[in-house]
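Please open the structure in your viewer and keep the selection panel at hand. This tour suggests what to select at each stop and tells you what is there.

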Number of protein chains: 2
Amino acid sequence: MQAVEQAHEIMRKVKDLNAVSAVLGWDQETYMPSGGIEARAEHIATIDTLSHEVLTGDTARRTADNLRSGLDTLTGDDKEIMTLFLRDHDRAVKLPDSLVRETSRAQSLAQEGWKKAKSEKNFAIFAPHLERLIGLKIQAAELYGYTENRYDALMDLFEPGMKVSIIKPVFERLRQGTVELLDKVLPLRDSINDEILHKSYEREKQLEFGKSIVNKLGFDFERGRVDLSAHPFCTNFAPTDVRLTTRILENDIRSCLFGLIHEAGHGMYEQGVNMKYFRTFAAEGTSMGIHESQSLFWENVIARTEEFWQWALPQLKTVFPEQLGDTTPRDFYRAINVMRPSFIRIDSDETTYNLHIILRFEIEEAFINEKIRVNDIPELWNEKMRTSLGIVPRNDAEGCLQDVHWSFGGYGYFPSYTLGKLYAAMLWTQLQKEKPEVRNLIASGDFGPILEWLRSNIHQYGRTQMSEEIMQRVTGRGLTETDFLAYVGAKAQDVYNLA
Amino acid sequence: MQAVEQAHEIMRKVKDLNAVSAVLGWDQETYMPSGGIEARAEHIATIDTLSHEVLTGDTARRTADNLRSGLDTLTGDDKEIMTLFLRDHDRAVKLPDSLVRETSRAQSLAQEGWKKAKSEKNFAIFAPHLERLIGLKIQAAELYGYTENRYDALMDLFEPGMKVSIIKPVFERLRQGTVELLDKVLPLRDSINDEILHKSYEREKQLEFGKSIVNKLGFDFERGRVDLSAHPFCTNFAPTDVRLTTRILENDIRSCLFGLIHEAGHGMYEQGVNMKYFRTFAAEGTSMGIHESQSLFWENVIARTEEFWQWALPQLKTVFPEQLGDTTPRDFYRAINVMRPSFIRIDSDETTYNLHIILRFEIEEAFINEKIRVNDIPELWNEKMRTSLGIVPRNDAEGCLQDVHWSFGGYGYFPSYTLGKLYAAMLWTQLQKEKPEVRNLIASGDFGPILEWLRSNIHQYGRTQMSEEIMQRVTGRGLTETDFLAYVGAKAQDVYNLA
């Protein structure tokens, strides 16, 4: 079938252009001098526009038409990959080139605006950029179409098939369960001494330690690397070139290490995609929710166990002998699992974390549906922080400016983090069933069988299976908050010695 | 004239794509993990092919036809820029897309092959890559066309208008003059003690010092940065984003510093191009010869004067007080101007340097005209080293594998270095006439007026004036080796206290 080869030709170009755009984005966040921003915005816009043109041009339309009529005759990889080609093509043709170019340019400029606003702690600098981007994303949502809620059209880009009507009740039960748990735990929060985390830890040594840890977890440095950026992220240009970034706080040993383990979770997913999908639309993680399930699985489920620190603490002590002295694995485990309301999402504990997400979800859902205006955001943010976490940010930098996502127009992305937590807890339940020895593996630093389990069950498939299909196949169940609540409940019991 | 706007639209796309290709190349040489090479080769090939398609597609052909008929009605910037558009378009249509793509891919792979061959000191690893690339470049030369020598067609890409028949007699007189000078100097070469250059100099401090020096020369770090790579280079993605690289040898203080000053000379040229040319074909240095005149002007003419070290040595002493002790500016000046045959072009002195270039020029001219085979190169190289410099490399890494150029197919580039030296000496003669106080400026670290002179005479014009036109306008003369021979003659006299 000639259309299959034509579709491959189109996918190769599109994937190459998208990879190149990712290189430009990576450089912008890591090394680009400040003067380069205007030119970079043009370059990214040109590449993104070309990518869109290739995916939606006359050749692609003819190819899609030919494919559709013959799709049923295909089998195996061909069928899966061509189905993805049609899905992406059909979605892309809904957006005119002009909107794609305008959005790309607005994103680049908004990212610089966000950086400036954050460093000056001044939302007003970012507001016009945000307003512009939201307007463009509303246009996109209307063009994509939706049946229930405009926000669904955007969420679908990150978590195909997800809807506000599915998420809302799950999030509501999750909030209730979280609040009940916090009611028990918060009175005890000062019973754990976590000063050990806030000693002075030399930056360079933190970074080296973090890199050695993710290497041992299974992140392949022949096919990836680590750099620094204002906000940690993972990007990839191929399964053979995966870039992680982290940031380092001298007085918080968690920031660099857990940031890096988180991003390495994403990175190992991308490194694990079957190379037979290279330069096709199947060659990446299937959804942001599943992606986050991988990053959070390593960051929290694995690296915040007591067993992990039985293995890792002796190594950390050789790097920082003075700071860590006679700290025991259990001391360290308890310190990194303190539950405590905090301003910054990425520094928050895994239980209160979801309250940060629910707050963002509610604000995003409101501004995408034009229920609130951009200028209302800081006040609304602070009000929601007060009611859900009981604390109020002192300024916008530790409030509504803390995350990069809104500066690249990633509205609909945040729910993925909580979906990722729920999926990760479900996977953990299943992994313990299949490998009852898993805690021993962690305690001995033998992560190979765990990575292999994730590789064979999830990573290798790339985008050929969707979230729901994966979770059903691996765990036999659909999305639920119960595993997560049981998981954090058990951890709270252990960490706080609850009855 | 609608065609003018159409041409601008095409140029913007082409310039953006070329800039993006440069980003990919920069990353490949600086940070890319080794596993990324295959994917990177595809990405660069896709971008280069697209760039070629845009410049040669139906729209570009129609635009070019319309422009040609109305070119005489244009004036000023429009005329200059449209002339460049037509020049580049007309050349590009001579190459089929397939050849461009194949060449791009072969270049990426050859660069990795070269790295491996060099690190293993084994030409055989690189030979098949080189053979393939030479074959592709011969095809290109035949398609471009030439009247006298196939090599002219390739040299024209780097130095428009230059021919073997022009260069050969100039290079021959230059070789004679150089050999005569060396006959006087080489017997005295041990009269200068340059051990000071080879003490142990901490890498990180060398880099910081080099960066501070090029900053003071006028390289703008808001619009550029410095990284490390195996072979120093300068690339730019816009006048506002110029990247330099250098390499550091712990036991040779010249390598990092002079490499960086050299690349900063290129970088300041690019930073100085008038922004009104941004995203047009005028927005870059006009030729590699003029480019090298700028890098060599700063590296040699300025930074190897005694006056420069009257200013710079006290600063270097604060960084390396133990190593430099009571070294005087004159000691240092004499040490960095020792003339001595060496294996490595980029580490050689400015006088013997040209013998390295003439050797490469002769070998390239021979293999492009199929007078020799690729496998003959190592032996021929060593033989020419013996007859022209009197020394024979111990292995291919310090012989024919030392330079990156052949791995990216840059045949015809090397002569630019010597042209650059000749131009630089002509500019120096002229600058001294116009600013008799120039040596005092250097001694006081006041480089602003020198950079300003280069900016207003050369940089600002970008590609709107060609080499010959620039040299005639600024110096009133065409290409000559006499200024260079007088310049190195005078320096030898001073450095070696010749009669």
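The stops below go from the two chains as a pair to single side chains.

Before you select anything, note that this is a predicted model, in which local features need pLDDT of at least 70 and side-chain atom pairs count only at pLDDT 80 or more, while totals for chains, interfaces and linings use all residues. Residues are numbered from 1 along each chain as its sequence is written, chains are lettered from A and ligands numbered from 1 in the order in which they are written, and side-chain values use heavy atoms, with hydrogens and water left out.

**Stop 1: the two chains together**

Colour chain A and chain B differently, and begin with how they are related. Rotating chain B by 180 degrees, with 0.0 Å of shift along the axis, superposes it on chain A with an RMSD of 0.0 Å (the fit is by least squares on the C-alpha atoms of residues with pLDDT of at least 70 in both copies). The two copies are thus related as by a two-fold rotation axis. The same surface serves both copies, since 100% of the contact residues of chain B recur in chain A, where contact means heavy atoms within 4.5 Å.

**Stop 2: the side of chain B that touches chain A**

Now select the residues of chain B in contact with chain A: there are 37 of them, and they touch 37 residues of chain A. Together the chains bury about 2800 Å², 62% of it on carbon and sulfur atoms; this buried area is the accessible area (1.4 Å probe) that two parts lose on being put together, summed over both. Show B:Tyr31, B:Pro33 and B:His43 as sticks, for in chain B these lose the most area to chain A, together 19% of what that side buries.

**Stop 3: charges across the interface**

How many salt bridges are there between chain B and chain A? The count is six, a salt bridge being a side-chain nitrogen of Lys or Arg within 4 Å of a carboxyl oxygen of Asp or Glu. Select B:Arg279 and A:Glu42 to see their side chains meet in a salt bridge, at 3.3 Å from N to O. Then select A:Asp16, A:Arg279, B:Glu38, B:Glu42, B:Arg101 and B:Arg105, which are linked in a network of salt bridges.

**Stop 4: salt bridges within chain A**

The structure holds 92 salt bridges over all chains, and three pairs in chain A are worth selecting in turn.

- A:Asp65 and A:Arg68 form a salt bridge at 3.1 Å, N to O. Being three residues apart in helix 3 (residues 58-70) of chain A, they are separated by about one helical turn (helices are DSSP runs of H or I, at least four residues, numbered from the N terminus).
- A:Arg304 and A:Glu299 meet in a salt bridge at 3.5 Å, N to O. A:Arg304 counts as buried at 7% relative accessibility, and A:Glu299 is buried too, at 10% (buried means under 20% relative accessible area, exposed over 50%, partly exposed in between, with a 1.4 Å probe and protein chains only).
- A:Glu362 forms a salt bridge with A:Lys384, their closest N and O atoms being 2.8 Å apart. A:Glu362 lies in helix 15 (residues 353-368) and A:Lys384 in helix 16 (residues 377-389) of chain A, so the pair ties together parts that are 22 residues apart in sequence.

Definitions and conventions: Helices (H or I, at least four residues) and strands (E, at least two) are DSSP runs, numbered from the N terminus.
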